[in-house]
Amino acid sequence: MRILFVCSEYPPAPHGGIGVFVFTLAHKMEELGHQVFVIGYDKTKVSSTVEDDKGVMVFRLASPYTKSKEIKISRFTFSARILLDRMYLSKQINELVSSQEIEIVESYDWSGPLWSKPNAPLVVRLHGANSANQFFEKKNQSRLLRFFERKNILMADYLIAVSDHIGKTTLEALNIKNKKYKLIYNGVDIQVFKNLKIQREKNQILFVGSVTRRKGIFQLFQAFNLVLQQMPETKLIVIGSLPMDEEQLLINDLLKIIPEDKRDNVNFLGRISHDLIPEYYNRASIAVFP
């Protein structure tokens, strides 16, 4: 099968969970004999590139609309690029579908990256859209992102949800009642995440993930504070990117939860290479996913 993944955070581009997921799945599909392609924007590129990543063909796009003008609709003003980038990506996808005889396209729900349906069956995998997160946290949804995300899900031929919670919440948040999803949990590459037979650090807790409220980071620190009251020697390792615009502010807010004399028990490592993470899992006494 000839498969095209849509992903704008394919490593080593700035990435989160979706980027790691697509990277892992793409290479496993290639190992199984499928021909795999990836296309998406790469913010680090000034011009579009094509590379062969160990059998996976990766098309990294640079936006041609970096100097686009603003559009005013009613009382709302936004950059035309948010629309033009989606239109350009959809056009490039269809060119690949045609030139590479793509049989299936898989995209994602976050921000609704496609403007039009590809000329091939479209799978949209629900990882947790912006609208779903805002809805679950009882916050106001961005009308524009909600429009794009809903549009992408409605044009999909098939939906996959990484959890039943994500599937149900997404469809409810976007008020979609005529779509069903297939539940497929995220996989783990057990050739990478395995027992390395190294000594575990006693009383070390590990958190891996974006350091944001929606990842439960504040609940983790509240729980860690309770642990310190009974086991004052416990350490907390935090691996993951912090929001650049409020990095120090967020760290300060989190550390306020911890007694001043115990704040050295917390170590923020920031983003580290994906290849190093298995060692941290092996060294920790316990990994926590709040």
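This text leads through a mixed sheet, the helices that pack on it, and several loop residues of a predicted model.

In this predicted model, local features require a pLDDT of at least 70 and side-chain atom pairs count only at pLDDT 80 or more, whereas totals for chains, interfaces and linings use all residues. Residues are numbered from 1 along each chain as its sequence is written, and side-chain values rest on heavy atoms, with hydrogens and water left out.

The description begins with the sheet. Helices (H or I, at least four residues) and strands (E, at least two) are DSSP runs, numbered from the N terminus. Two strands are taken to pair if DSSP finds at least two bridges between them. On this basis, 8 strands form an open sheet with mixed pairing, in the order 3-4-2-1-7-8-9-10. Its edges are strand 3 (49-53) and strand 10 (182-183), each of which pairs on one side only.

Within the sheet, strand 1 (residues 2-6) pairs with strand 2 (residues 35-41) in the parallel sense, over 5 bridges. Phe-5 has Val-38 of strand 2 as its bridge partner. Helix 2 (residues 81-99) packs on the sheet and touches strand 1, strand 2, strand 4 (56-61) and strand 7; the direction of helix 2 makes about 160 degrees with that of strand 2. Such angles run from 0 to 180 degrees between N-to-C directions, the axes being lines fitted to C-alpha atoms, for helices over the stretch in contact.

Strand 8 (residues 122-126) offers a second view of the sheet. Strand 7 (residues 104-108) pairs with strand 8 in the parallel sense over 4 bridges, and Val-105 stands opposite Leu-122. Strand 9 (residues 158-161) also runs parallel to strand 8, joined to it by 4 bridges, with Tyr-158 opposite Val-123. Of the 5 residues in strand 8, 5 are buried, that is, under 20% relative accessible area, as against exposed at over 50% and partly exposed in between (1.4 Å probe, protein chains only). Leu-122, Val-124 and Leu-126 point one way from the strand, Val-123 and Arg-125 the other way, and all are buried.

Helix 4 (residues 143-155) lies across strand 8 and strand 9, at about 130 degrees to strand 8. Its 13 residues reach 18 Å from first to last C-alpha, close to the 18 Å expected at 1.5 Å a residue; the expected span is 1.5 Å times one less than the number of residues. Phe-148, Glu-149, Asn-152, Ile-153 and Met-155 are the buried residues of helix 4. They pack against helix 2, strand 8, helix 3 (130-136), strand 9 and helix 5 (164-173), contact meaning heavy atoms within 4.5 Å.

Several backbone features lie in loops. The peptide bond from Pro-11 to Pro-12 is cis, with omega near 10 degrees, and Pro-12 is placed in the loop between strand 1 and helix 1 (17-31). In the loop between strand 10 and strand 11, Lys-197 has a positive phi of about 55 degrees although it is not a glycine. That loop also holds Asn-203, whose phi is likewise positive, near 60 degrees. Lys-197 is exposed because its relative accessible area is 75%, whereas Asn-203, at 16%, is buried.

Gln-204 lies in strand 11 (residues 204-208). Its relative accessible area is 13%, so Gln-204 is buried. Leaving aside neighbours within four places in sequence, Gln-204 is in contact with Lys-235, Ile-237, Arg-283, Ala-284, Ser-285 and Ile-286.
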